[in-house]
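Please look over the sequence and the model shown below before reading on. The report that follows moves through the structure part by part, and it may help to find each residue as it is named.

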Amino acid sequence: MTLPSQMQGLLLVGDGYTRTPSAAALEAMEPYLQPGRIAVPAPGPAQALIKVSLASINPSDIAFIKGQYGQPRVKGRPAGFEGVGIVVATGDDPYARSLAGKRVAFATGVSNWGAWADYAVAEAASCIPLIDTVRDEDGAAMIVNPLTALAMFGIVREEGEKSFIMTAGASQLCKLIIGLAKEEGFRPIVTVRRDEQIPLLKELGAAHVLNEKAADFEVALREAIKAEQPRIFLDAVTGPLASTIFNAMPKRARWIVYGRLDAEPTVIREPGQLIFQHKRVEGFWLAEWMRQFRDRLGPAVLEAQKRFSDGRWSTEVTAVVPLDEAMARLPAELAKPNGKVFIKP
């Protein structure tokens, strides 16, 4: 296959990390990205070059382009951590070569050649050959949310408690976890920001859905915690909401932070809880989980594909935005609730 020498992409404006953190929402594109043409990259020995069919947008992408993620930006490179496409070139590594011509879900991660472009480079080890029954929309969102859902629900299962708490309950990730919990008889307590989200999440399997904006939120939270006694708290928000939840939780509670949607300071109201109630705070990063638990990765990938293929999981789509319209449309599309937004080169 003859490849072009140049490609279109959404290129990073900033370099490294920011000195001025901002909120999680993408208020505008121009401070962080610009459209441009760049040379099509050549894959390294253990890498694959992928012609992108569809690229996903996750909260981690927004944090990254703002310089607030745990990985530095490289100015002038395309952004985008995750997508789906066809492998059109590879390095000489045997596994990389075995991917040639296949449709794969991929994560760009350490390659610094993101998915918001015509072509992307990914480590061969982070490419997942897809079965035919997985839609592109599900393949483009195959890694970040599904593997995080399986990994974090594994933590809940291993803890042994039947109830747990999640913030950002209407997110795609939390919906996947709620589905897993329902199948195994677990009772999630989730928080949302809109009353209209409550019936859907209860239908999916949430035991309690609490509107964090309601006047009686803290009362309802304490009643749910008293009834269910959850000891795992999966938190994507932080800030005052998370502080309130952690303060209300019982002894031996584990606050597991995997995102920061709220830019406000996060306070532990009573530090003595860490001493006398044996509470603890920790973080979850999928990239680290994948490195640490390589033996669990293959089964998790297979399980995710099965769930998308048989309909137990499905990616809700808010919009598929052409690459050449992304600068104008993405902030408004991302501000809409519930579904995912994709970029199509």
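## Helix H12 and its cover

Among the elements that cover the buried residues of helix H12 are four strands, namely S1 (6-12), S2 (33-39), S14 (317-322) and S15 (340-344). The helix itself runs over residues 326-334, and its buried residues are Ala326, Met327, Leu330, Pro331 and Glu333. It should be kept in mind throughout that this is a predicted model.

## Two nonpolar cores

As a general tendency, nonpolar side chains in soluble globular proteins are buried together. In this model the largest nonpolar core has 49 residues, and those with the most contacts inside it are Met142, Phe164, Ile177 and Leu234. Helix H4, which spans residues 144-159, gives the most to this core, with 8 residues. Leu234 shows what such contacts look like in detail: when neighbours within four places in sequence are left aside, Leu234 is in contact with Met152, Val156, Phe164, Ile165, Met166, Thr167, Ile177, Ile256 and Tyr258.

Apart from this core lies another one, of 35 residues, and Ala48, Ile65, Leu99 and Met327 are among them. Met327 is also one of the buried residues of helix H12.

## Helix H11, its two sides and its end

Helix H11 consists of the 17 residues 294-310, which at 1.5 Å a residue should span 24 Å, and the distance of 25 Å between its end C-alpha atoms agrees with this. The residues of H11 that are buried are Leu297, Ala300, Val301, Ala304, Gln305, Arg307 and Phe308. Because these residues cover an arc of only 160° around the axis, they are on the same side of H11. The face turned away from that buried side carries Asp295 and Pro299, which are exposed.

The cover over the buried residues of H11 includes strand S7 (127-129), helix H3 (136-139), H4, helix H5 (172-183) and H10. Helix H10 covers residues 286-292, and Met290 has its place there. Apart from neighbours within four places in sequence, Met290 is in contact with Leu147 and Leu297. Although Met290 and Leu147 are 143 residues apart along the chain, their C-alpha atoms are separated by 9.0 Å. After H11 comes Gly311, whose phi is positive, near 90°.

## Aromatic rings and charges over them

In general, a pair of aromatic rings is described by the distance of the centres and the angle of the planes. The count for this model comes to 9 aromatic pairs. In one of them, the rings of Tyr69 and Phe81 have centres 5.2 Å apart and planes at 45°, so the pair is tilted. Both residues lie in the loop between helix H1 (59-65) and strand S4 (82-90), and the pair therefore ties together parts that are 12 residues apart in sequence. Tyr69 is partly exposed, with a relative accessible area of 21%, whereas Phe81 is buried, with a relative accessible area of 10%.

Another aromatic pair, formed by Phe308 and Trp313, is edge-to-face, with 5.6 Å from centre to centre and 65° between the planes. Phe308 and Trp313 are both buried. Ring pairs also link Phe64, Tyr69, Phe81 and Trp285 into a cluster. Over the ring of Trp285 sits the charged end of Arg291, 5.7 Å from the ring's centre, while Arg296 lies over the face of Phe293, at 4.2 Å from the ring centre.

## Residues in loops

Which residues other than glycine have a positive phi? Ala168 has a phi near 55°, and its place is in the loop between strand S8 (163-166) and H5. Gln229 likewise has a phi near 55°, and the loop that holds Gln229 runs between helix H7 (217-228) and strand S11 (232-235). With a relative accessible area of 33%, Gln229 is partly exposed.

Ala25 lies in the loop between S1 and S2, which are two of the strands that help to cover helix H12. Its relative accessibility is 53%, and because a value over 50% is needed to count as exposed, Ala25 falls into that group. Ala25 touches Ile62 and Lys66, if residues up to four places away in sequence are not counted. Between Ala25 and Pro199 there are 25 Å in space, C-alpha to C-alpha, and the two are 174 residues apart in sequence.

Note on methods: Residues numbered from 1 in each chain as written. Predicted model: local features only at pLDDT ≥ 70, side-chain atom pairs only at ≥ 80, totals over all residues. Heavy atoms only, no water. Contact = heavy atoms within 4.5 Å. Phe/Tyr/Trp six-rings, centres within 6.5 Å; stacked < 30°, edge-to-face > 60°. Buried < 20%, exposed > 50% of the residue type's maximum accessible area, 1.4 Å probe, protein only. Lys NZ or Arg CZ within 6 Å of the ring centre and 35° of its normal. Core = buried A, V, L, I, M, F, W, Y, C linked by side-chain atoms within 4.5 Å. Expected span 1.5 Å × (residues − 1). Arc of directions from axis to C-beta.
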